[in-house]
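Here's a quick briefing to read with the model open in your viewer. Take a look at the fold first, then work through the points by topic.

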Amino acid sequence: MELGAFSISLAVKDIQASKAFYEKLGFKIFGGDIAQNWLILKNGDAIVGLLQGMFEKNTLTFNPGWDSNAQKLDGFTDVRELQHQLKAQGMELMSAADENTTGPAFFMVLDPDGNPILVDQHV
């Protein structure tokens with residue numbers, strides 16, 4: 001099962017302080033909008049999302065259809081197919097993509113320790 005590009009989405013309290021901290025570690029702004037309280041930072045292949053007021057917990061994030069530079073892949077497994085495969089294995093979803101749609105969609109699951117995993121397709 002190929003889930004796509006991986007990043008960690010951090011639920012930060014102060015996006016400015018978090019931005020400054022991660023920049024000291026060598027991360028550079030890769031995307032986002034600080035005025036909307038979200039940034040994507042990158043250091044090599046490591047990607048960190050800083051999200052203030054969007055998530056309660058830090059979240060593992062996968063992006064089907066994207067490589068680590070947010071470039072569309074020619075071939076990938078659609079988020080709805082991934083969701084279908086997980087449901088077939090008996091996995092319970094926190095939220096689900098509408099299987100009657102195409103294009104951007106997402107679903108969420110919790111791991112056994114309660115860590116949220118977001119599978120978020122943008123293409």
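What follows goes from the whole chain down to one helix and a few loop residues.

Keep in mind that this is a predicted model. The protein chain has two helices and seven strands, and reading from the N terminus they come in the order β-α-β-β-β-β-α-β-β.

**Overall size and packing**
- The radius of gyration of the protein chain is 15 Å, which agrees with the value near 14 Å that a compact globule of 123 residues would have.
- If you're setting up a box, the C-alpha trace spans about 45 × 35 × 25 Å along its principal axes.
- Buried residues make up 34% of the 123 in the protein chain.
- Take the contacts between residues at least 6 apart in sequence: 48% of them join residues at least 24 apart.

**Surface and charge**
- About 7300 Å² of the protein chain is exposed, and 52% of that comes from carbon and sulfur atoms.
- On the charge side, there are 9 positive and 16 negative charges, and their mean positions sit 8 Å apart.

**Helix 1 and its cover**
- Which residues of helix 1 are buried? Within this helix, residues 15-24, they are I15, S18, K19 and Y22.
- These four cover an arc of only 100° around the axis, so they end up on the same side of helix 1.
- That spacing fits a general rule: an α-helix has 3.6 residues a turn, so residues three or four places apart point the same way.
- What lies over the buried residues of helix 1? The cover includes strand 1 (5-12), strand 2 (28-33), strand 3 (38-43) and strand 4 (46-52).

**F27, just past that helix**
- F27 belongs to the loop between helix 1 and strand 2.
- Is F27 buried or exposed? F27 counts as buried, because its relative accessibility is 10% and the cut-off for buried is under 20%.
- Leaving out residues up to four places away in sequence, F27 touches Y22, L41, K42, N43, A46 and V48.
- One of those partners, Y22, is also among the buried residues of helix 1.
- P64 is another story: it is 37 residues from F27 along the chain, and the two C-alpha atoms are separated by 23 Å.

**Two loop residues with positive phi**
- As background, most residues other than glycine have a negative phi.
- N37 has a positive phi, near 65°, and is not a glycine.
- You'll find N37 in the loop between strand 2 and strand 3, where it is partly exposed with a relative accessible area of 28%.
- A70 also has a positive phi without being glycine, with a value near 60°.
- Its loop runs between strand 5 (59-63) and helix 2 (79-88).
- At 29% relative accessible area, A70 is partly exposed.
- How far apart are the C-alpha atoms of A70 and G31? They are separated by 9.5 Å, with their positions 39 residues apart along the chain.

Note on methods
Residues are numbered from 1 along each chain as its sequence is written. This is a predicted model: local features need pLDDT of at least 70, side-chain atom pairs count only at pLDDT 80 or more; totals for chains, interfaces and linings use all residues. Side-chain values use heavy atoms; hydrogens and water are left out. The radius of gyration is taken over C-alpha atoms; the globule rule is 2.2 Å times the number of residues to the power 0.38. Buried means under 20% relative accessible area, exposed over 50%, partly exposed in between (1.4 Å probe, protein chains only). Contact means heavy atoms within 4.5 Å. Accessible areas come from the Shrake-Rupley method with a 1.4 Å probe; for residues, only the protein chains shown count as cover. Lys and Arg count as positive and Asp and Glu as negative; His and the chain ends are not counted. The place of a charge is taken as NZ of Lys, CZ of Arg, CG of Asp or CD of Glu. The arc is that of the directions from the helix axis to the C-beta atoms.
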